[in-house]
Amino acid sequence: IRDSANMFNQIKDQFDKFSQKKQPKKIAVIGLTPEEITLLTSMLTIIAIRVEQNWQVSPLDEADVFLVNMDCREGINFMQHYSKSVATISYTHSAETNHNQLHKPLRARELLHALKPFDDQVPASVIPQNKKCWPQKKRA
């Protein structure tokens, strides 16, 4: 009976810890394909079990961090204009190593490592509020 009580208390503690997580941090994507966005969303859901800070994909104007595809013009332009004023993680095929860089294809371990520095960080205060300056979706 003691073992059952101990197991129950451990499960309850885990549940309480999980249910008391902070509000999710938000990550916006620049230049990723729909398939990469789906993969990222799934990974964020899966890794939420193992981390204290939840993350979710969000619109550009709500983001705490931007995941930027550096293998496309849209990503390069975004980094040239905003990398000094907002928190960014570059996403590329490049073999260069950078502390804020993920290598393609997306891997959960690298994603966890890249997001960790932003877990307790206050959102950037200099995020451009004028939506005209954000990359525009291409119209068909």
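## A first look at the helices, strands and cores

In helix α4, the buried residues are Leu111, Ala114 and Leu115. Viewed down the axis of α4, these buried residues stay within an arc of 90°, so they line one face of the helix. A word of caution before going on: this is a predicted model. The face of α4 turned away from the buried side carries the exposed residues Arg109 and His113. And what lies over the buried residues of α4? The cover includes β1, α2, β2, β4 and β5. There is a general idea behind such a pattern: an α-helix has 3.6 residues a turn, so residues three or four places apart point the same way.

**Helix α2**

Helix α2 can be read in a similar spirit. How do its 14 residues compare with the span they should have? At 1.5 Å a residue, α2 should span 20 Å, and its end C-alpha atoms are 20 Å apart, which agrees. Buried in α2 are Glu36, Leu40, Met43, Leu44 and Ile47. These residues cover an arc of only 100° around the axis, which puts them on the same side of α2. Pro34, Glu35, Thr45 and Ile46 are exposed on the other side of α2. The buried residues of α2 are covered by parts that include β1, β2, β3, β4 and α4.

**Strand β3 and its partners**

Now to the strands. Is β3 enclosed or open to the outside? Five of its five residues are buried, so β3 is largely enclosed by the rest of the structure. Both of its faces are covered, with Val65, Leu67 and Asn69 buried on one side and Phe66 and Val68 buried on the other.

Strand β3 pairs with β1 and with β4. β1 and β3 run parallel and are joined by four bridges, and Ile27 stands opposite Val65 of β3. The pairing of β3 with β4 is also in the parallel sense, over four bridges. Here Val68 has Ser90 of β4 as its bridge partner.

**The nonpolar cores**

As a general matter, in soluble globular proteins nonpolar side chains tend to be buried together. In this model the largest nonpolar core has 19 residues, and those with the most contacts inside it are Leu44, Leu67, Ile89, Leu102 and Leu111. At least two residues of this core come from each of β1, α2, β3, β4 and α4. Which element gives the largest share? That is α2, with four residues.

Ile89 is a good place to look around. Leaving aside neighbours within four places in sequence, Ile89 is in contact with Val65, Phe66, Leu67, Val68, Asn100, Gln101, Leu102, Ala114, Leu115 and Phe118. There is also a second, separate core of ten residues, which includes Val68, Met79, Tyr82 and Val86.

**Salt bridges**

The model has a count of four salt bridges. Three of them are listed here.

| Residues | Closest N to O |
|---|---|
| Glu62 and Lys26 | 3.3 Å |
| Asp71 and Lys104 | 3.2 Å |
| Arg107 and Glu110 | 3.8 Å |

What does the salt bridge of Glu62 and Lys26 tie together? Glu62 is in the loop between β2 (55–57) and β3 (65–69), while Lys26 is in strand β1 (residues 25–30), so the pair ties together parts that are 36 residues apart in sequence. Glu62 counts as partly exposed, at 41% relative accessibility, and Lys26 is also partly exposed, at 23%.

The salt bridge between Asp71 and Lys104 also joins two loops. Asp71 is in the loop between β3 and α3 (73–82) and Lys104 in the loop between β5 (101–103) and α4 (108–115), so this pair ties together parts that are 33 residues apart in sequence. Is each partner buried or partly exposed? Asp71 is partly exposed, with a relative accessible area of 38%, whereas Lys104 is buried, with a relative accessible area of 14%.

For the pair of Arg107 and Glu110, Arg107 is partly exposed at 39% relative accessible area, and Glu110 is partly exposed at 25% relative accessibility.

**A cis peptide bond**

Lys104 has one more feature to show. In general, most peptide bonds are trans. The peptide bond from Lys104 to Pro105, however, is cis, with omega near -5°. Pro105 is found in the loop between β5 and α4.

Notes: Residues numbered from 1 in each chain as written. Predicted model: local features only at pLDDT ≥ 70, side-chain atom pairs only at ≥ 80, totals over all residues. Heavy atoms only, no water. Salt bridge = Lys/Arg side-chain N within 4 Å of Asp/Glu carboxyl O. Buried < 20%, exposed > 50% of the residue type's maximum accessible area, 1.4 Å probe, protein only. Core = buried A, V, L, I, M, F, W, Y, C linked by side-chain atoms within 4.5 Å. Contact = heavy atoms within 4.5 Å. Expected span 1.5 Å × (residues − 1). Arc of directions from axis to C-beta. Pairing = 2+ DSSP bridges.
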